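Below is a brief report on one protein model. It covers the main pocket, charged contacts and unusual backbone angles.

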Amino acid sequence: MSDPAAELYSTKADFAYLRVKELILSGALPPDSVIAQARLAREIGISTTPLREALRRLKSEGLVELDAHRDARVAPLAAEEARDLLELRRSLDPLAVALAAERRTKADIAAIRAAAAELKPLPGNPAYEELIAHRRFHRALYHASHNDLLINTLDSLWDKADRYRRLALEVERGQEARDRKAAEHDALLDCVVARDAEGAAAIMREHIDTSLGAQAAWRLRNRRGEGTGDA
């Protein structure tokens, strides 16, 4: 039986793409798990044809692996990818908020404030909607840069980064760490409103260096070292 929600999308492949992405980012389909395509298609109420199309799209985004026999699995987490994501965000996020401070409009400020009002510290096993709230805040900051190439690049990194955030959250954070992140969000908003580009960039660099993504990169790097005997 088809899912009525699928009728709200332009194609069933679009519906399948968004649904499977949500399952991956929510952890319902964990890293390196096999995707049973026939069963998954039944569960989300579509045929296997649009599901395969969605999986090819997710492969292009690095979230799914497909082999020549059409077997599919969720892409595993990798220390190298975590490092690469961190290096990119260390450079691009501060640039985005600096530009936002210089170029933001009244509408941008309203959007950032609205997104900030929905932010809550992420729990150990965050729901997909809780991750989306953090994405919405950062996307509002990116959008205020009014640099479309930069916005699209950072947006494309976010899905990959969410999987590493979930890994980092397996280790319980103390209240001090949660409060520090909340204060950084407030400071970013204040700097953008005040047109303080230098201050916004400095806060964002600190935000990235102490982020869940940075913690995940550290965990994976050390896990690999323990497995190979490297120091």
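## Ground rules

Ala, Val, Leu, Ile, Met, Phe, Trp, Tyr, Cys and Pro count as nonpolar, Asp, Glu, Lys and Arg as charged, and the others, Gly among them, as polar. This is a predicted model: local features need pLDDT of at least 70, side-chain atom pairs count only at pLDDT 80 or more, and totals for chains, interfaces and linings use all residues. Residues are numbered from 1 along each chain as its sequence is written, and side-chain values use heavy atoms, with hydrogens and water left out.

## The largest pocket

The largest pocket holds about 450 Å³ of space. Its lining has 29 residues, and His-134, His-138, Lys-181, His-185 and His-207 are the closest to the centre. A pocket here is an open set of points on a 1 Å grid over the protein atoms alone, where a 1.4 Å probe fits, with protein on both sides within 12 Å along at least five of seven lines; lining residues have an atom within 4 Å of a point. Grid points are joined across faces, edges and corners, and the volume is the space filled by probe spheres set on the points.

The lining divides into 14 nonpolar, 8 polar and 7 charged residues. Helix H8 gives the most, with 5 residues. Helices (DSSP runs of H or I, at least four residues) are numbered from the N terminus. H4, H6, H7, H8, H9 and H10 each supply at least two lining residues.

## Salt bridges

The whole structure has 15 salt bridges, each a side-chain nitrogen of Lys or Arg within 4 Å of a carboxyl oxygen of Asp or Glu. Arg-89 meets Asp-93 at 3.0 Å, N to O. Both lie in helix H4, 4 residues apart. Both are buried, meaning under 20% relative accessible area; exposed is over 50%, and partly exposed lies in between (1.4 Å probe, protein chains only).

Arg-135 and Asp-155 meet at 3.1 Å, N to O. This pair links helix H6 to helix H7, 20 residues apart along the chain. Arg-135 is buried at 10%, while Asp-155 is partly exposed at 24%. Both belong to a salt-bridge network with Lys-21, Glu-61, Arg-139 and Asp-159.

## Positive phi

Most residues other than glycine have a negative phi. His-146 has a positive phi of about 55 degrees. His-146 sits in the loop between H6 and H7, and is partly exposed at 41%. Arg-195 has a phi near 60 degrees. Arg-195 lies in the loop between H8 and H9, and is partly exposed at 46%.
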